[in-house]
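Subject: Structure handover

Hi,

Here is the structure I promised to pass on. Have a look at it first, and my notes follow below.

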Amino acid sequence: MKKLFLIGGMGAGKSTARKALTDEGLAWIDLDQVGHEVLTWGTVKDDLRGAFGDGIFDEGGEVVRAELAAVAFASPAATRKLNCITMPRIEERYTDLIDEFEHEGKPAVVVEYSVFRNRQQSLAYGADVVIAVLAPLEVRIERAVASGFSEEDVRARIARQITDADRIEAADVVFNNDGTPEELRNEVLAWWNEYKKEIWLG
């Protein structure tokens, strides 16, 4: 089963590209969702409480992601502490999902990876194809604000991500999403229709 890693900054258009592929029947893993899922695990909550205290939990004992982010991204050391707790669990869940899709006989899975840094990361190490979706910075900010984020939050998040130059260097395929969603969708499908010939004929 081919693993197609989809990368791109906030507001670049990863969701549009991903939907073009999943509409073709491909399986899909959103690593952001997996990250949210592991925050509900009892073992993870215990470790987070030990690392960051009770202030990151609501009255029902669930992690408040905004509160966790405020303390976990306050310093590089705190971020490393968070990653040491969550990343092994995210990898565990990711591996389980990959196994399930392979068992189902899926030809390919799209892995949406918003915090991708490089191909040497353990999750990305097994990527068959890295697909980068790019868009001009101001366009990305405009799109993200239109979807409900504050401009300040968007700029802060983008500042923590790698640059488009880094993404281009890591990618096998690059899509410039500076037009309409339909144009991006058509470009992605044209690429997929060529690539799948390699999967089944290669």
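A definition to start with: buried means under 20% relative accessible area, exposed means over 50%, and partly exposed is in between (1.4 Å probe, protein chains only). Accessible areas come from the Shrake-Rupley method with a 1.4 Å probe, and for residues only the protein chains shown count as cover. By that yardstick Arg18 is buried, at 15% relative accessibility.

On provenance: this is a predicted model, where local features need pLDDT of at least 70, side-chain atom pairs count only at pLDDT 80 or more, and totals for chains, interfaces and linings use all residues. Residues are numbered from 1 along each chain as its sequence is written, and side-chain values use heavy atoms, with hydrogens and water left out.

Overall fold

The protein has 9 helices and 5 strands. Helices here are DSSP runs of H or I with at least four residues, strands are runs of E with at least two, and both are numbered from the N terminus. Along the sequence the order is β-α-β-α-α-α-α-β-β-α-α-α-β-α. The radius of gyration is 18 Å, close to the 17 Å that the globule rule gives for 202 residues, so the protein is as compact as a globular protein of that length. (That radius is taken over C-alpha atoms, and the rule is 2.2 Å times the number of residues to the power 0.38.) Along the principal axes, the C-alpha atoms fill a box of roughly 55 × 40 × 30 Å. Of the 202 residues, 42% count as buried.

Salt bridges

How many salt bridges does a search of the whole structure find? It turns up 14, counting a side-chain nitrogen of Lys or Arg within 4 Å of a carboxyl oxygen of Asp or Glu. A few to look up:

- Glu112 and Arg18 meet through their side chains at 3.3 Å, N to O. Glu112 sits in strand β3 (residues 108–112) and Arg18 in helix α1 (residues 14–22), so this pair ties together parts that are 94 residues apart in sequence. Glu112 is buried too, with a relative accessible area of 7%.
- Glu37 and Arg93 form a salt bridge at 3.0 Å, N to O. This pair also links distant parts of the chain, with Glu37 in helix α2 (residues 31–38) and Arg93 in helix α5, 56 residues apart. Glu37 is partly exposed, at 31% relative accessible area.
- Asp164 pairs with Arg167, the closest N and O atoms being 2.7 Å apart. Both are in helix α8 (residues 164–170), and being 3 residues apart they are separated by about one helical turn. Asp164 is partly exposed at 23% relative accessibility, whereas Arg167 is buried at 2%.
- Lys19, Asp23 and Arg185 are joined into one network by salt bridges that share partners. Lys19 belongs to helix α1 and is partly exposed, with a relative accessible area of 43%.

Surface charge

Which residues gather in a patch of negative charge on the surface? They are Glu92, Asp96, Asp99 and Glu102. Patches are made of residues with over 30% relative accessible area and no salt bridge, with like charges joined within 9 Å and nonpolar side chains (Val, Leu, Ile, Met, Phe, Trp, Tyr) within 5 Å. Asp and Glu count as negative and Lys and Arg as positive, while His and the chain ends are not counted. Each charge is placed at NZ of Lys, CZ of Arg, CG of Asp or CD of Glu. Asp96 itself is in helix α5 (residues 76–103) and counts as partly exposed at 36% relative accessibility.

Some distances

If you want to check your coordinates, try these C-alpha pairs. Lys19 and Val34 are 15 residues apart along the chain and separated by 18 Å. Met1, in the segment before β1 (2–7), is 27 Å from Asn177, with their positions 176 residues apart along the chain. Met1 is partly exposed, at 24% relative accessibility. Ala108, in strand β3, is buried with a relative accessible area of 0%. Ala108 and Asp54 are 41 Å apart in space and 54 residues apart in sequence.

Cheers
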